[in-house]
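Reader: I have a structure to look at and some questions about it. Please keep the answers plain.

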Protein chains: 2
Amino acid sequence: MEIKAVLFDIDNTLYDTKTLAVNARRNAVKAMIEAGLKADVDEAVKKLKKIVKEYGPNFDHHYDKLIESYRMQPNPRIVAAGIVAYHATKIAYLVPYPQTIPTLLKLKERNTKIGVVTDGLPVKQWEKIIRLGLQHFFDAVVISEELKTRKPDEKLFTHALEKLDAKPAETLMVGDRVDKDIQGAKKAGITTVQILHPEIEKKRPQNELQYPDYVLGDLSELLEIL
Amino acid sequence: MEIKAVLFDIDNTLYDTKTLAVNARRNAVKAMIEAGLKADVDEAVKKLKKIVKEYGPNFDHHYDKLIESYRMQPNPRIVAAGIVAYHATKIAYLVPYPQTIPTLLKLKERNTKIGVVTDGLPVKQWEKIIRLGLQHFFDAVVISEELKTRKPDEKLFTHALEKLDAKPAETLMVGDRVDKDIQGAKKAGITTVQILHPEIEKKRPQNELQYPDYVLGDLSELLEIL
């Protein structure tokens, strides 16, 4: 097949969100304990993870909820300690996978159009793209909230195709999640590639649409299937 | 007089907020222009300053308003570029004045209690204190929003005195603003010291309470009047 466009997921596809989140949460908890939270590190990390899951990643008061869960009074000093530590860790880990930029550059050399299809809030996702140093790479960026939907809604993928002026049959979608990236793109008729970095938990496909056409260990292998 | 406690304002007293704000705003505007804002740097900086003044420093959409003022559509990429540049600049400039830590350490050696009285949101002000590396220095931190008031309300100063178990007559308040720090502390019966760094615009006292007892060029001179 002749591939003229490649769409990418961001999180755990272009950079290692998993390691970022694990370390940032742990460092936040440690800083909160240092600032006065009476808690065990491992237990507090587990609680925080649960709070993030319960209230969603874009909720503004995860640390207040964590403090509350220890039956302590609201404490802005402890919250601020968590925020500063989380942020410093986030900045340190918000770097592309080593294969990301070389692979995107090779696609550029081939005149392949490249785009992003990602779930999230527009400003937050753009902030990631900018911190990753990728803001000048993409010919199209589609962020779910702008279309008031989420993956696996195929509308996101067809919208990206329109922006790139590409047909489904000449496009690849590259992502880590079978229930989001693979299912959505496949429904839009796009050939799908699952990237499975070793630190990512592998989820089994739950239906026909969740079986990827290709499974790769990292982005650089993408060039072999073009 | 025997001084047993010293209260400090944060912004433009312990660190150079003015230079931080000027550079962070300018770098934010430049990054926004690089990301697609059609604007002149100097004009956009002026507009942004006006927007911050109009909507207050804790409003979340300054950059959206700036884009709107150029009659452009909402643009999350441009907003994110501004946020990332502002934040990077902020981190770089959020350092104490060179005299701050030496002076606080000398006060510690003298067994003088030290506290903070500042306007703002608790988490945001604690974030500054932590980034300045000063979170372990203060015996009391009073942040206006916790008492649902603002400087020059003398309640803030008397609350700090209670926390430090200090009397007004044995306390100094050190700050840059005559209408906030000097007026409020003087009303609470505290001896007042105005710090006037050269980059700060000098405001003339508007009433009797706004005349400071001392005016110093930087924090290190504080030790001479104790």
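Reader: Which strands of chain B does helix H8 lie across, and at about how many degrees does it run to S5(B)?

Author: This is a predicted model, and the helix in question covers residues 178-187 of chain B. Helix H8 lies across S4 and S5 of chain B. Its direction relative to S5(B) is given by an angle of about 165 degrees.

Reader: How many bridges join strand S4 to strand S5 of chain B?

Author: Strand S4 takes in residues 171-175 of chain B, and strand S5 takes in residues 191-195. The two strands run parallel. One position to look at is Val174(B), which stands opposite Val193(B) in S5(B). The number of bridges joining S4 to S5 in chain B is 4.

Reader: In what order do the 6 strands form the open sheet of chain B?

Author: The pairing in this sheet is parallel. Its edge strands are S3 (140-143) and S6 (214-216) of chain B, each of which pairs on one side only. Neighbouring strands are turned by 20 degrees against each other on average, direction ignored. The order in chain B is S3-S2-S1-S4-S5-S6.

Reader: What rotation superposes chain A on chain B?

Author: Two copies of a chain are related by a rotation about an axis and a shift along it. Here the shift along the axis is 0.0 Å, and chain A superposes on chain B with an RMSD of 0.0 Å, after a rotation of 180 degrees. The two copies are therefore related as by a two-fold rotation axis.

Reader: What percentage of the interface residues of chain A are also interface residues in chain B?

Author: On the two sides, 18 residues of chain A are in contact with 18 residues of chain B. The copies meet through the same surface, because the share of chain A's interface residues that are also interface residues in chain B is 100%.

Reader: What area do chain A and chain B bury between them?

Author: The size of an interface is often given as the accessible area lost when the parts come together. Of the area buried here, 70% is on carbon and sulfur atoms. Pro76(A), Arg77(A) and Val84(A) supply 31% of what chain A buries against chain B, more than any other three residues. The area buried between chain A and chain B is about 1800 Å².

Reader: Which element gives the most residues to the side of chain A that touches chain B?

Author: Across this interface the rule finds 0 salt bridges, but 4 residue pairs in polar contact. The elements of chain A that give two or more residues to this side are helix H4 (76-93) and helix H6 (122-131). With 8 residues, the element that gives the most is H4(A).

Terms used
Residues are numbered from 1 along each chain as its sequence is written. Chains are lettered from A and ligands numbered from 1 in the order in which they are written. This is a predicted model: local features need pLDDT of at least 70, side-chain atom pairs count only at pLDDT 80 or more; totals for chains, interfaces and linings use all residues. Side-chain values use heavy atoms; hydrogens and water are left out. Two strands pair if DSSP finds at least two bridges between them. Axes are lines fitted to C-alpha atoms, for helices over the stretch in contact, and angles run from 0 to 180 degrees between N-to-C directions. Contact means heavy atoms within 4.5 Å. Copies are superposed by least squares on the C-alpha atoms of residues with pLDDT of at least 70 in both. Buried area is the accessible area (1.4 Å probe) that two parts lose on being put together, summed over both. A salt bridge is a side-chain nitrogen of Lys or Arg within 4 Å of a carboxyl oxygen of Asp or Glu. A polar contact is a pair of N or O atoms within 3.5 Å; within protein, one must be able to donate a hydrogen and the other to accept it, and residues adjacent in sequence count only if both atoms are side-chain atoms.
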